[in-house]
Amino acid sequence: MTLVESPAWLALGRHATNLRQRHLRDLFASDGERFQRFSRRHDGLLLDFSKQRIDADTHRLLLDLAVAADVDGWKQEMLAGAAINHTEGRAVRHMALRAGAHAPAEVRAVLERLQACCDSIHGGAWRGWSGEHITDIVNIGIGGSDLGPRMAARALAAQQQPDLRVHFIANVDGADIAPLLARLNPRSTLFIIASKTFTTLETLTNAATARAWLLATAGDETAVAQHFIAISTNRQLTRQFGIADENVFEFWDWVGGRFSLWSAIGLSLALAIGWRQFEQLLAGARSMDEHFINAPPADNLPLTLALLSLWNTDFLGAGSAAVLPYSQSLQLLPAYLQQLEMESNGKRTDRAGQPIAVPTCPIIWGDAGTNGQHSFYQLLHQGGQLVPCDFIALRDADFPLPGHHRTLLANCLAQSAALAFGQNADELRAAGVAESLLPYKLFPGNQPSNTLLLPALNAYTLGQLLALYEHKVFCLGVLWNLNSFDQWGVELGKQLAGQLAPLLAAGSDDSAFDSSTRGLLAALR
């Protein structure tokens with residue numbers, strides 16, 4: 001029996017038939033304790049899910065579904081180091097990266113080396129080939145080797161180290177790296193090449209360009225060792241590149257790319273914010289790990305987010321979900337969560353190799369408030385599509401300026417309320433709106449949302465927030481009975497790109513490809 005055939009799933013389906021007809025206005029009117037009933041706190045973080053289209057029965061039935069799917073059993077399997085990434089035969093142990101004193105010896109050893117590297121650069125001991133201090137760090141990676149540290153460095157801009165600038169390059173398009181190199185000094189620039197296998201095409205293309213740029217000034221290949229660090233397990237290729245073994249930092253096959261911020265992949269972030277702040281990031285994630293492991297299901301924040309996402313996707317029919325941080329510093333969080341959620345759970349095949357009978361991961365998108373209000377919120381309010389939202393707000397501003405933060409928070413609260421409750425014809429008439437304009441000014445409301453309140457944005461709370469979403473992804477993978485930790489869907493495009501690159505040369509035989517691809521190749525030639 002599959003999960004969708006289980007009594008718990010069928011009970012939710014029957015319940016949804018009735019609840020779909022109820023408006024959030026009615027749900028709030030019938031329950032004066034709704035906020036208290038549907039909000040949870042952990043270690044300073046508040047999750048308000050009272051604006052979700054659920055009632056007490058929905059919550060109970062969703063928790064029954066978590067029991068039926070054996071979320072707790074899978075959690076224990078992950079903690080025990082079982083190969084729950086079954087298609088690749090790998091354990092899933094990213095929590096071990098932030099386990100502090102309980103981390104494995106190999107993790108602690110790499111963290112000690114990373115700290116020594118940070119101290120060397122921040123203290124001025126690390127010098128370039130001409131003896132100059134390092135002033136700029138360039139992280140070259142893609143996907144999980146870029147999005148995590150890039151997003152976190154942007155989020156923690158208020159804590160960044162003085163006199164050291166950290167940059168990120170990912171796209172193989174020369175328009176990404178060329179303008180940056182034009183602004184930098186090769187005598188004081190240090191590159192971090194983040195690629196587990198040291199074969200990632202985009203990363204190695206950019207790395208080769210950076211190497212040639214350095215040598216065009218240095219003129220001596222020995223300079224590479226003073227200006228390049230690698231995050232990789234392939235020592236043979238890093239040596240061929242010219243990177244000294246002591247400047248190669250490893251991570252392990254039980255660390256997936258999109259869960260790797262906490263590993264050596266986070267070196268660029270540690271350089272941006274300082275080692276003590278990086279340790280606070282790990283500590284915040286560890287706090288959420290402990291909550292996820294120990295909190296009962298009804299109070300478990302990651303499980304709650306997962307169950308609500310499944311409810312909205314599979315029982316209310318939402319095809320997308322918006323992440324709306326009311327923090328400019330968190331502007332890159334939606335892009336980070338796109339990879340975390342869609343690469344993990346955007347799958348149609350279950351663990352037994354059978355098609356999953358229901359939609360899985362919704363499309364994740366969003367932007368920082370208040371910018372989004374002047375862009376896509378029109379559709380959220382009056383577009384007729386169900387789009388659940390995660391509002392994220394900070395009690396205290398990371399860049400406090402008079403008048404700014406109060407206005408920002410007022411907009412966040414206003415938008416979540418307007419989306420939930422809307423505005424009906426009687427209210428518009430009472431406000432003096434002409435009858436001819438009523439159809440255009442109606443706000444249907446009934447858009448579900450969560451609101452996450454952080455006391456402030458710092459390394460610790462960012463660690464909590466990211467670990468919260470990581471564990472949400474795990475729970476959803478269990479609920480849908482899929483493997484959240486492989487990503488075979490990215491492989492085919494890579495293979496075809498490798499075949500097509502040589503065909504862009506004139507005179508190449510492209511007869512194996514379809515007529516569209518052949519026509520485009522001809523136009524490009």
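## Close-up views of a predicted model

**View 1. Five strands make an open sheet, lined up as S4-S3-S5-S6-S7, with parallel pairing.** Strand S4 (165–169) and strand S7 (248–249) sit at the edges with a single partner strand each, so one side of each has no neighbour in the sheet. Keep in mind that this is a predicted model. Zooming in on one pair, strand S5 (residues 189–194) and strand S6 (residues 228–231) run parallel and are joined by four bridges. Here Ile-192 stands opposite Ile-229 in S6. Helix H8 (residues 174–183) lies across strand S3 (136–140), S4 and S5, and runs at about 155° to S4.

**View 2. A second open sheet has six strands, in the order S1-S2-S11-S10-S8-S9, and its pairing is mixed.** At the edges are strand S1 (39–42) and strand S9 (363–366), each of which pairs on one side only. On average, neighbouring strands of this sheet are turned by 15° against each other, ignoring direction. Strand S10 (residues 389–394) pairs with strand S11 (residues 449–454) in the parallel sense, over six bridges. If you want a spot to centre on, Asp-390 stands opposite Asn-450 in S11. Helix H17 (residues 404–421) lies across strand S8 (320–326), S10 and S11, and runs at about 160° to S10.

**View 3. Helix H1 (residues 7–19) packs against helix H14 (residues 301–315).** How are two packed helices described? By the angle between their axes and the distance between the axes. For H1 and H14 the angle is about 70° and the axes are 11 Å apart. The two helices are therefore roughly perpendicular to each other. From H1, the residues that meet H14 are Trp-9, Leu-12, Gly-13, His-15, Ala-16 and Leu-19. They meet Leu-310, Trp-311, Asp-314 and Phe-315 in H14. By class, the residues of this contact split into seven nonpolar, two polar and one charged.

**View 4. The largest cavity has a volume of about 170 Å³.** The structure holds three cavities of 30 Å³ or more. Around the largest cavity there are 20 lining residues, and those nearest its centre are Ser-309, Ala-321, Pro-388, Asp-390 and Lys-472. Asp-390 will be familiar from View 2, as the residue opposite Asn-450. Which elements give two or more residues to this lining? They are H14, S8, S10 and S11, with H14 providing the largest share, five residues. The lining counts 10 nonpolar, seven polar and three charged residues.

**View 5. The second largest cavity holds about 50 Å³ of space.** Its lining consists of Trp-74, Ile-84, Arg-351, Phe-474, Gly-477, Val-478, Leu-482, Ser-484 and Phe-485. Helix H20 (residues 459–479) gives the largest share of this lining, three residues. Six of the lining residues are nonpolar, two are polar and one is charged.

**View 6. The largest pocket offers about 1100 Å³ of space.** Of its 36 lining residues, Thr-200, Gln-487, Val-490, Glu-491 and Lys-494 are the closest to the centre. Helix H9 (201–218), helix H15 (333–345) and helix H21 (491–500) each supply at least two residues of the lining. What is the mix of residue classes in the lining of this pocket? There are 13 nonpolar, 14 polar and nine charged residues.

Terms used
Residues numbered from 1 in each chain as written. Predicted model: local features only at pLDDT ≥ 70, side-chain atom pairs only at ≥ 80, totals over all residues. Heavy atoms only, no water. Pairing = 2+ DSSP bridges. Axes fitted to C-alpha atoms, helices over the stretch in contact; angles between N-to-C directions. Contact = heavy atoms within 4.5 Å. Parallel < 35°, antiparallel > 145°, perpendicular 65-115°, else oblique. Nonpolar A, V, L, I, M, F, W, Y, C, P; charged D, E, K, R; others polar. 1 Å grid on protein atoms, 1.4 Å probe; cavity = no way out; pocket = protein on both sides within 12 Å on 5 of 7 lines; lining within 4 Å. Points joined across faces, edges and corners; volume = space filled by probe spheres on them.
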